[in-house]
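Colleague: Please take a close look at how the strands of this model are arranged, and follow the description as far as it leads. A first-year student should be able to trace each step in the viewer.

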Amino acid sequence: MSLLEIDGLTKRFGGLTAVDDVSFGVDRGEIVGLIGPNGSGKSTVFNCIMSVYDVTDGAIRFDGEEITDVSTHEVVNRGVARVSQESNPIERYSVAGNIKLFTLPNTVRSFYGGADEQEIYGYADRVGLGDKLEEQPDELPHADVRRLEIAKALATEPEVLLLDEPFAGMNQAEISTLAEQIEAMREEGMTMVVVDHNMSGLMSLVDRTVVLHNGSKLAAGLPEEIVEDESVQEAYLAGEGI
Ligand SMILES: Nc1ncnc2c1ncn2[C@@H]1O[C@H](COP(=O)(O)OP(=O)(O)OP(=O)(O)O)[C@@H](O)[C@H]1O
Ligand SMILES: [Mg+2]
């Protein structure tokens, strides 16, 4: 049984079917890539997993239990965290303060005032922000703002981390550094789903890839199978390459 199971997931917005009967599983310790052109439904899948959107049809299971209709707060409590496409740090808080806020949803720890300094350093250090704890978000370069979003998600102590376009807007050096940090998180036992437009940044990182096109699952397989897949290449012909 997979740690995270997406089973026949469908999400409609009025007449638009953003996600159409999509199924895939994510095993413990795996990194699964979720790729697809603009508007193919990648972020909507994440929003459904996180209960940000109500699911139209289908089921989402985590560790054998259905989480389809539980609240976002409860999804996080069970052990799933998401880094969204947009960054939303609180500007008047330091990096440490922003991370600390995300340690509060856990009731036992919030009783004791959230994570201590050493724990916060630990979350920041896993994405290379260990020496920037006292900086304000608006002093950080874009790549560090994105890494802060990951540190915030780590502060909820997830078992599964959903990353929505973590490499967007980063230069090649920043992409390699982040890829190494994601790899290190996997070695510590984190299970991840990484969304990207195409395979370029994911090739060496992911174990398996699921491809979405117009809301449907177009293909799934090993990265090297996906780049060779004709239906996938066709789906990408109109826009950027796979
Ligand atoms: N809240 C919403 N209300 C109405 N339509 C929505 C909503 N969210 C997403 N959609 C639509 O659902 C479809 C899938 O969008 P989604 O954001 O999941 O795509 P995506 O694969 O993440 O794209 P991108 O690569 O641009 O981030 C799009 O047609 C989008 O316009
Ligand atoms: Mg998206």
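Modeller: Within β7, L162 is the bridge partner of R82. The model is a predicted one, in which local features need pLDDT of at least 70 and side-chain atom pairs count only at pLDDT 80 or more, while totals for chains, interfaces and linings use all residues. Residues are numbered from 1 along each chain as its sequence is written, chains are lettered from A and ligands numbered from 1 in the order in which they are written, and side-chain values use heavy atoms, with hydrogens and water left out.

Four bridges connect β6 with β7 (residues 160-164), and the two strands pair in the parallel sense. Strands here are DSSP runs of E of at least two residues, and helices are runs of H or I of at least four, both numbered from the N terminus; two strands pair if DSSP finds at least two bridges between them. The wider arrangement is an open sheet of six strands with mixed pairing, in the order β6-β7-β8-β3-β9-β10. Because β6 (80-83) and β10 (216-221) each have a single partner strand, they stand at the edges, and one side of each lacks a neighbour in the sheet. On average, neighbouring strands are turned by 15 degrees against each other, direction ignored.

Two helices pack on this sheet. Helix α7 (residues 172-187) touches β3 (31-35), β7 and β8 (191-196), and its direction makes about 155 degrees with that of β8. Contact means heavy atoms within 4.5 Å; axes are lines fitted to C-alpha atoms, for helices over the stretch in contact, with angles from 0 to 180 degrees between N-to-C directions. Helix α9 (residues 230-237) touches β3, β9 (208-213) and β10, and its direction makes about 130 degrees with that of β10.

A further open sheet holds four strands, paired antiparallel in the order β2-β1-β4-β5. Its edge strands, β2 and β5 (65-66), each pair on one side only. Strand β1 (residues 4-13) runs antiparallel to β2 and is joined to that strand by seven bridges; in β2, G25 is the bridge partner of E5. Helix α1 packs on this sheet, touching β1, β2 and β4 (57-62), and its direction makes about 110 degrees with that of β1.

This part of the model leads on to the ligand. Both β2 (16-26) and α1 (42-49) supply at least two residues of the shell around ligand 1, and α1 gives the most, with three residues.
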